[in-house]
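Biologist: Please take a close look at one chain of this complex, chain by chain contacts included. I would like a connected account rather than a list.

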Amino acid sequence: MKGRRGTPNQDRSMSRTFFILAVLTALLLIYAGYAALVIAPTEQTMGPVQRIFYYHAPSAWTAFLLFFINFIASVQYLVRPNESADRFARWAAIAIGVISCIAPFFIPLPAGIEPSAVATTGVAVTAAYFLIHKYFSDQGADILALVTAEVGVVFCTIVLITGPLWARPVWGIWWTWDVRLTSTLVLWLIYVSYLMLRRFSTSGETPKLAAALAVFGALDMPLVYFSIWFFRTQHPQPVIGGGGSIDPRMLRVFALNCLAFTCYAGIICWFRYRIERMQRDVEETRALEALLEPRGAGSRGLQ
Amino acid sequence: MMFLRIAYAAVWIIQGTYLAVLIRRYFRVRRDMDELERK
Amino acid sequence: MPKPSGIARATLVKDLRLEWRSKDAINAMLFFALLVVVIFSFSFDPTAEESRHIAGGLIWVAFLFAAVVALNQTWARELRNQVLDAYRVSPAPPNELFLAKALGNFIFVSVLEALMTPLFVIFYNLRVVGSVPQLLLLTALGTWALVVNGTFFAAMSLRTRSREIMLPLLLFPISIPAIIAMVNGTTAILTGDDSPLFWLVLLATYDLVFTTGSLLLFSTVLHAE
């Protein structure tokens, strides 16, 4: 391990850039929290409780972003070993980006969906795919998937806890099987099962299995959303979070908190990524040493 | 409002707990790396 | 070299024959499902009208648990006799093996459903108001949805600690849209209040998506050791 990747010190501590960014993120979070509690105007019908929205919705946004990255990283981990699959996936990513920039302007979209949003999402898919391809090795993609799943579950938990805490004082009920919150619950369940597979699997190829599960989960989510949506149209109930237009000042605070949470998620993921790398290095070194140990010492435990 | 305070507290307790767990793991891995270095 | 599809067919026939001779799994599943029905009967005491509204949910929960019992032992026999290694090196494409296993499970669970349905009709005084062919189609689509993912996740859980609990842990969250469709579709047909069309289309889509996904990814799972 000495001298394998630069000096030992470089291996084990977080870089200075990390600490600077961490401090900046902390300041951003504090300011965003202040904005949510003080600067944002009080909502007319719901009162001060509505401010939970500035933590509930940005957490959801961050969780979805993280799970999105997990999906891309999982796909990469599955296709990269295979030349033709890798090429196919890269062209598919480009195609998604191109089509999403053209199609929404010619095809009628369901109500409430902007063409620019579709285009941005499509380009984001392409960009994410190629960025991850460039900057992460095969094993790096696997660690990225693990990290984003873990941090995503943390943020998703926050969404599921703040949701009912908001619903109870406003609508009088803790839970209603409304589309968004229930879909988030299912997403949470799927990713918790993902983490359990990671933890309990004794296979040597756990990363591949987990990646397959992540792909299944991603395929499942549209179906989850539609099934719950249709169920809701048959049995309508209040929608947590409401719809409708939003005051521009509130929108600014919401965006600010989204940015703050995303930065915080990035810092945490960076930290967790480094920890995982170090952990795997340690395990690899231990395994190597156990292999290279002379027989007498190694079989001590079996005596 | 009580629910507002509980919600904000919950958010930071959850984030804080996860962060604490990560920090503890970080120092444990560093300790393991040091041990292996010394051998 | 035998034709690859011959191997798949041989697998299916072997599984069915083994099961027919020992009736291990079928007996266990049947008894388990009966117990579930009886216990649910003690929890609810509905009128004929009410029971039509809740029977959909109860039936599918019972079928779900019974299917898990069947799925858990899908690969267990293969594991015991190192048959999996033979499959890995055989010329048969992994997909065919997967389909053979899934079809075998589908047949087991369908037989179970056929045997349990009269019990449900008796215990809950059920009478189908809507169309029976639609109900049969719904049941077939729903059973396939459970079985295709179940067989896939059973293979995934082979090398995990607490294998038996890992399968439901993985299967249930992913199956939620299918379960919603099954339950609501069954209720719609039993009560005759709504059209089950949307649920049938959803189940068909679900089946298509996940059968394709399982076929594409099964070789990855089979070779994970």
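Modeller: What follows describes chain C, then its surroundings.

The model is predicted, and it scores ipTM 0.93 and pTM 0.89. Within it, chain C has an average pLDDT of 83, with 93% of the residues at 70 or above. The confidence varies by element: helix α1 (residues 4-22) of chain C has the lowest mean pLDDT, 71, and helix α7 (residues 132-156) of chain C has the highest, 93. Where pLDDT is low, the predicted coordinates should not be read in detail.

Chain C contains 9 helices and 0 strands. Read from the N terminus, its elements therefore give the order α-α-α-α-α-α-α-α-α. Along the principal axes, the C-alpha atoms of chain C fill a box of roughly 60 × 35 × 30 Å. The radius of gyration of chain C is 18 Å, which agrees with the value near 17 Å for a compact globule of 225 residues. Of those 225 residues, 42% are buried. The contacts within chain C reach far along the sequence: among those between residues at least 6 apart, 85% join residues at least 24 apart.

Two residues of chain C show the range of settings. The first topic is a glycine, C:G150, which lies in helix α7 of chain C, the element with the highest mean pLDDT in that chain. Is C:G150 buried or exposed? C:G150 has 28 other C-beta atoms within 10 Å, and because the cut-off for a buried residue is 20 or more, C:G150 counts as buried. Setting aside neighbours within four places in sequence, the residues in contact with C:G150 are C:A67, C:L71, C:N105 and C:L171. One of these, C:L171, falls within the range of α8 (163-191) of chain C. By contrast, C:F123 is 27 residues from C:G150 in sequence, and their C-alpha atoms are 29 Å apart in space.

The other residue is C:S162, found in the loop between α7 and α8 of chain C. C:S162 has only 11 C-beta neighbours inside 10 Å and so counts as exposed, the limit for that class being 12 or fewer. The backbone of C:S162 has a phi near 45°, a positive value in a residue other than glycine. Most residues other than glycine have a negative phi.

Next come the contacts of chain C with the other chains. Of the 2 pairs of chains in contact, chains A and C share the most contacts. That contact takes 27 residues from chain C and 30 residues from chain A. On the side of chain C that touches chain A, the elements giving two or more residues are α8 (163-191) and α9 (197-223) of chain C. The largest share there, 10 residues, comes from α8(C). By class, this side of chain C has 17 nonpolar, 6 polar and 4 charged residues.

Chain C has no contact with chain B; the closest C-alpha atoms of the two chains lie 23 Å apart. Chain B does meet chain A, in a contact that takes 26 residues from chain A and 19 residues from chain B. On the side of chain A that touches chain B, α1 (8-12), α6 (138-171) and α9 (248-292) of chain A each supply at least two residues. Helix α6(A) gives the most to that side, with 9 residues. The residues on that side of chain A divide into 16 nonpolar, 5 polar and 5 charged.

Chain B itself has 1 helix and 0 strands. The C-alpha trace of chain B spans about 60 × 5 × 5 Å along its principal axes. Helix α1 (residues 2-38) of chain B has 37 residues, so at 1.5 Å a residue it should span 54 Å, and its end C-alpha atoms are indeed 54 Å apart. Of the 39 residues in chain B, 10% are buried. In α1(B), the buried residues are B:L4, B:A7, B:V11 and B:V29. Their cover includes α3 (53-79), α6 and α9 of chain A.

Definitions and conventions
Residues numbered from 1 in each chain as written. Chains lettered and ligands numbered in written order. Predicted model: local features only at pLDDT ≥ 70, side-chain atom pairs only at ≥ 80, totals over all residues. Contact = placed C-beta atoms within 7 Å. Helix = DSSP H or I, 4+ residues; strand = E, 2+ residues; numbered from the N terminus. Nonpolar A, V, L, I, M, F, W, Y, C, P; charged D, E, K, R; others polar. pLDDT = per-residue confidence, 0-100. Rg over C-alpha atoms; globule rule 2.2 N^0.38 Å. Expected span 1.5 Å × (residues − 1).
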